[in-house]
Every structure is written in structure tokens, then in C-alpha cells.
Amino acid sequence: MAWIPRGLRDGVVTSRYPRRADGYGPDFFGHVEVAPGSGDDREAVSAAAGACPTRAIALDGGRVRLDRGRCVLCGRCVALAPDTFRADPGFETAAFSRRALVVPDGEGDDAEVADARMKLARRVRVLRRSVNVRHVDAGSDGSEEWEIAALTNPVYDIQRLGVFFTASPKHADLLLVTGAGSAGMQGPLRQTYDLMPHPKVVIAVGVDTSSGGMVGESYAARGGVGQFVPVDVFVPGSPPSPFGILHGIVEAVGILGSRRHVGAEAPATRTAK
Ligand code: SF4
């Protein structure tokens with residue numbers, strides 16, 4: 001019976017994101033930011049690049065590039081070269097192209113991102129009232145699955161946005177993929193995609209889907225899923241938080257249209273839905 005006083009004390013804890021900012025946003029280690037003019041301290045940057053477990057950092061002619069599609073958010077670079085790398089909070093990190101995950105270069109390519117966003121928005125116009133999601137694990141370590149499962153709990157309650165999980169690809173509008181693209185799952189992943197009706201959207205969840213993450217490319221995996229299905233939105237992180245995945249879904253299917261980037265604002269008051 002302890003849940004009764006607890007429920008009365010806490011009230012409704014269901015998030016209002018994306019309609020309102022959520023207080024959890026600033027608590028997440030969302031991504032690594034590269035400071036402008038970085039690369040001056042070559043020794044520290046080289047040490048960080050050497051310590052990076054996924055080779056996400058490259059030093060090219062004095063410029064530092066960081067591939068968020070490889071970054072597993074271990075924090076080593078931040079500790080070794082704090083003048084160059086900064087751990088930024090927030091969870092709104094989804095990107096409309098693989099290139100956009102490479103910073104600072106990809107971030108500046110606004111035309112490509114705007115074009116990808118516009119084409120996707122046209123394609124999914126009919127999906128905004130209700131979206132059915134099919135999830136395929138293409139060689140995941142299981143961490144993304146925990147975060148995806150959390151989307152249906154009372155805190156995230158993804159059903160309130162008209163988003164539902166389905167077991168059949170024939171009923172699915174959106175394909176949520178996790179994993180590094182293991183050899184055994186390449187065929188089933190493609191079959192799932194082919195069976196989905198048009199229009200269909202693909203979201204790659206976690207850095208394993210972008211680059212293979214810690215697994216990389218090997219005899220057993222192909223370093224991501226992009227060569228097997230056309231990915232529309234990449235959600236970095238290892239694993240991304242449920243809010244990060246929710247942000248990817250909201251962006252991909254245009255839920256709430258023009259609402260943008262409220263996740264890092266001041267905490268919202270938790271009241272009834
Ligand atoms: S935080 Fe990311 S970029 Fe930095 S060392 Fe870890 S994996 Fe590499």
C-alpha cells in the first residue's frame with residue numbers, strides 16, 4: 001500500500017515532453033562539444049585521440065574532428081583535454097544525416113540537413129496522427145533495448161503521442177533499428193524494411209548503428225546498418241536515453257510540427273496530464 005502515499009506525494013510524473021521542456025534534460029551527458037579554435041594543445045588532443053576507445057577523434061592539419069556517430073560518451077577526452085572537449089548536457093542530439101554527426105564540419109552543413117529534413121517531412125506528412133513502430137535488434141548489446149522499453153513506462157508514456165509498438169512490419173510506419181549490423185540480422189532487417197508499407201521511416205538508435213561503436217567492423221558485423229536500410233534519422237549515444245530516442249522519433253515524424261529544442265530549458269512543473 002506504500003504506493004498510495006507516494007502517488008499522492010509525487011502526483012503525476014508523466015513527462016510532457018515534447019510539448020514542454022523536461023527537467024531531466026540537463027542531467028544527461030548528451031554529447032561532446034569541440035571548442036572553437038581547438039587543436040592548439042596538440043599534445044593533450046593527441047592523448048585524447050589515443051585514449052578514445054572508438055577512434056572518434058581525428059586531428060587533421062591542426063583541426064579537431066569528432067565523430068558523434070562513434071562516440072560512446074566515455075568522457076576520456078574531456079578529462080584529458082578539457083580546453084578542447086566539453087561534455088554538454090541535454091538529449092536532443094538526433095541528426096538527419098550521418099555527416100551531421102561529424103563536428104564541427106557536419107554541423108555547419110545546414111543546406112544538406114535542411115534538405116533532408118524537408119524531404120522527410122513531405123514523406124511522413126500522413127503519419128502525424130498515429131505512428132506504429134517496429135523495432136529490430138541487428139546485433140545490439142542490449143543496452144538500447146532497455147531504453148526503448150522504458151518509452152512505454154508511465155514516465156515517458158510514448159502512447160500519449162500516438163506512437164505504438166507493433167509486432168508486424170506490415171503494420172509499421174517507423175523502423176527503429178539497434179545494433180552494429182550483425183551478419184545474421186542483415187537479411188531479416190532488410191526483409192522487415194521491404195515489408196513495411198509506404199511511407200516508411202528508419203531511425204538508427206545508438207552509435208552501434210552508425211559505426212559499429214565498440215564492436216566496429218569485423219567478420220561478424222558491418223560497422224552500422226546504413227548499408228542495409230536507408231536511415232533517415234541517427235540518434236547518437238551508447239545507449240541514448242529514452243528522451244534522446246523520443247526526440248529522434250518526434251523529429252522524424254514531425255510530431256508537433258514547428259516545436260523545436262525545448263529539452264534543455266528550465267524544468268517543467270510536473271502536473272496532471
Ligand atoms: S567521450 Fe567520445 S570522443 Fe571522447 S574519448 Fe570517449 S568515445 Fe572518444
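**Helix packing, strand pairing and the ligand shell in the predicted model**

On one side of helix α6, residues G187, Q191 and D194 are exposed. The model described here is a predicted one. Helix α6 spans residues 183–195, and its buried residues are M185, L189, T192 and Y193. These buried positions lie on the same side of α6, because they cover an arc of only 95° around the axis. The exposed residues G187, Q191 and D194 are found on the other side. The packing partners of the buried residues of α6 are three strands, β6 (131–137), β8 (174–178) and β9 (201–205).

The strands that receive α6 are also paired with one another. Strands β6 and β8 run parallel and are joined by five bridges; within this pairing, D137 has T178 of β8 as its bridge partner. Strand β8 also pairs with β9, again in the parallel sense, over four bridges, and here L174 stands opposite V201 of β9. Strand β8 is mostly covered, five of its five residues being buried. Burial extends to both faces of the strand: L174, L176 and T178 are buried on one side, and L175 and V177 are buried on the other.

A separate element of the description is an open sheet of three strands, ordered β2-β3-β5 and paired in the antiparallel sense. Strands β2 (57–60) and β5 (102–103) occupy the edges with a single partner strand each, so one side of each is left without a neighbour in the sheet. The antiparallel pairing of β3 (residues 63–67) with β5 comprises two bridges, and L66 is placed opposite V103 of β5.

Helix α2 (residues 42–51) lies across β2 and β3 and runs at about 140° to β2. Residues V45, A48 and A49 of this helix are buried. Viewed down the axis of α2, the buried residues fall within an arc of 100°, so they line one face of the helix. Exposed residues E43 and G50 are carried on the face turned away from that buried side. The buried residues of α2 pack against β2 and β3, and also against α3 (76–80) and β4 (85–89).

The loop between β3 and α3 contains C71. This residue is classed as buried because 25 other C-beta atoms lie within 10 Å, the threshold for burial being 20 or more. Apart from its neighbours within four places in sequence, C71 is in contact with V32, T54, A56, L66, V207 and P236. Among these contacts is L66, the residue of the antiparallel pairing that stands opposite V103. C71 and H31 are separated by 40 residues in sequence, with a C-alpha to C-alpha distance of 8.2 Å.

C71 is also one of the residues that come nearest to the ligand, together with C52, C74, R76 and C77, out of 15 residues around the ligand. By class, this shell consists of twelve nonpolar, two polar and one charged residues.

For the protein chain overall, eight helices and ten strands are assigned. Of its 273 residues, 44% count as buried. Among contacts between residues at least 6 apart in sequence, 79% join residues at least 24 apart.

Methods: Residues numbered from 1 in each chain as written. Predicted model: local features only at pLDDT ≥ 70, side-chain atom pairs only at ≥ 80, totals over all residues. Buried ≥ 20, exposed ≤ 12 C-beta atoms within 10 Å, placed from the backbone. Arc of directions from axis to C-beta. Contact = placed C-beta atoms within 7 Å. Pairing = 2+ DSSP bridges. Axes fitted to C-alpha atoms, helices over the stretch in contact; angles between N-to-C directions. Near = placed C-beta within 6 Å. Nonpolar A, V, L, I, M, F, W, Y, C, P; charged D, E, K, R; others polar.
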